[in-house]
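Thanks for making time this morning; I would like to walk you through one model, starting from a loop and working outwards to the sheet around it. Please have the viewer open while I talk.

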Amino acid sequence: MDSPQTQSPVQPVKSLLYWRKSKVNGAATVPVILSLDPSGVLSMQNAELRTIFALPVSHASVRFTSWGTMVVQAHGQQHDIVGVGASMSPSPSRAQLAELGTASGGNSGNDSNLGRLGSAGAAMSAADGIGAAAGVAGGVAMEYAYYRGLEAIKAWQETLPLAGATVKKSSMEAMKYFTLAVIAALAIALVAGLLIR
């Protein structure tokens with residue numbers, strides 16, 4: 001574990017991220033707002049802006065995985081938080097969008113990307129049924145969405161130890177190898193599709 005490093009004052013952060021409540025049910029990966037306020041309280045709110053957890057950041061234990069998941073232990077419960085939703089994830093609520101629109105100061109994280117595709121699955125479904133070229137375009141859009149979300153998670157990995165949380169960091173490089181495999185598979189599919197004609 002990396003030891004917490006306390007600095008004052010706490011830099012406020014507010015991000016639109018996704019809470020993966022189930023590892024198998026994509027619809028259970030839901031948009032949340034993760035916040036760190038100037039007083040040092042780390043909190044997470046759901047679509048109705050109800051608080052899922054709130055605790056002093058110095059009491060938070062956070063682990064980052066090689067795939068870019070932020071695992072927060074809060075009040076004896078584990079919360080898996082990712083930067084991009086699943087194909088069946090609901091869109092952010094109007095209340096969440098309004099809350100992020102009123103964020104002032106600090107790092108707003110992922111909220112600056114609200115115009116992007118909200119999930120990798122949305123990128124893929126947008127290209128569904130258009131053929132090999134669309135598959136390549138969908139794959140690129142999926143990668144873009146993933147990396148935008150990953151940047152928000154990486155920002156939290158840097159912010160939380162400075163605010164006093166106990167953090168286990170990760171290089172989050174597992175996706176590089178997966179990306180190379182996806183690109184290779186898409187290229188093979190494109191070439192095969194062109195040769196079959």
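**From one loop to the whole sheet**

Let me begin with Thr65, which lies in the loop between strands E5 and E6, where helices (H or I, at least four residues) and strands (E, at least two) are DSSP runs numbered from the N terminus. Before going further, I should say that this is a predicted model, in which local features need pLDDT of at least 70 and side-chain atom pairs count only at pLDDT 80 or more, while totals for chains, interfaces and linings use all residues. Residues are numbered from 1 along each chain as its sequence is written, and side-chain values use heavy atoms, with hydrogens and water left out.

Is Thr65 buried or exposed? Thr65 counts as buried because its relative accessibility is 17%, the classes being buried under 20% relative accessible area, exposed over 50% and partly exposed in between, with a 1.4 Å probe and protein chains only. Leaving aside residues up to four places away in sequence, Thr65 touches Val71, Ser170 and Met172, contact meaning heavy atoms within 4.5 Å.

Val71 brings us to E6, residues 70–74, a mostly covered strand with 4 of its 5 residues buried. With E5, residues 61–64, E6 pairs in the antiparallel sense over 4 bridges; two strands pair, in this usage, if DSSP finds at least two bridges between them. On that side Arg63 stands opposite Val71, and the hairpin of E5 and E6 has 5 residues between the strands, with Gly68 in the turn at a positive phi of about 90 degrees. E6 also pairs with E7, residues 77–82, again in the antiparallel sense, over 5 bridges, and here the bridge partner of Val71 is Asp80 in E7.

The hairpin of E6 and E7 has 2 residues between the strands, and His75, found in the loop between them, has a positive phi of about 55 degrees although it is not a glycine. His75 is exposed, because its relative accessible area is 58%. A further residue other than glycine with a positive phi is Leu49, near 65 degrees, which is found in the loop between E3 (41–45) and E4 (51–56); Leu49 counts as partly exposed, because its relative accessibility is 26%.

In what order do the strands of the open sheet lie? There are 8 of them, in the order E4-E3-E2-E1-E7-E6-E5-E8, and the pairing is mixed. The edge strands are E4 and E8 (166–168), each of which pairs on one side only. Neighbouring strands of this sheet are turned by 25 degrees against each other on average, direction ignored; axes are lines fitted to C-alpha atoms, for helices over the stretch in contact, and angles run from 0 to 180 degrees between N-to-C directions. Helix H1, residues 94–101, packs on the sheet and touches E1, E2 (29–36) and E3, its direction making about 25 degrees with that of E2.

Within that order, E1 (residues 13–20) and E7 run antiparallel and are joined by 2 bridges, with Tyr18 standing opposite Val82 in E7.

Finally, a word on rings: Lys21 lies over the face of Trp19, at 5.0 Å from the ring centre, where a charge sits over a ring if NZ of Lys or CZ of Arg is within 6 Å of the ring centre and within 35 degrees of the ring normal.
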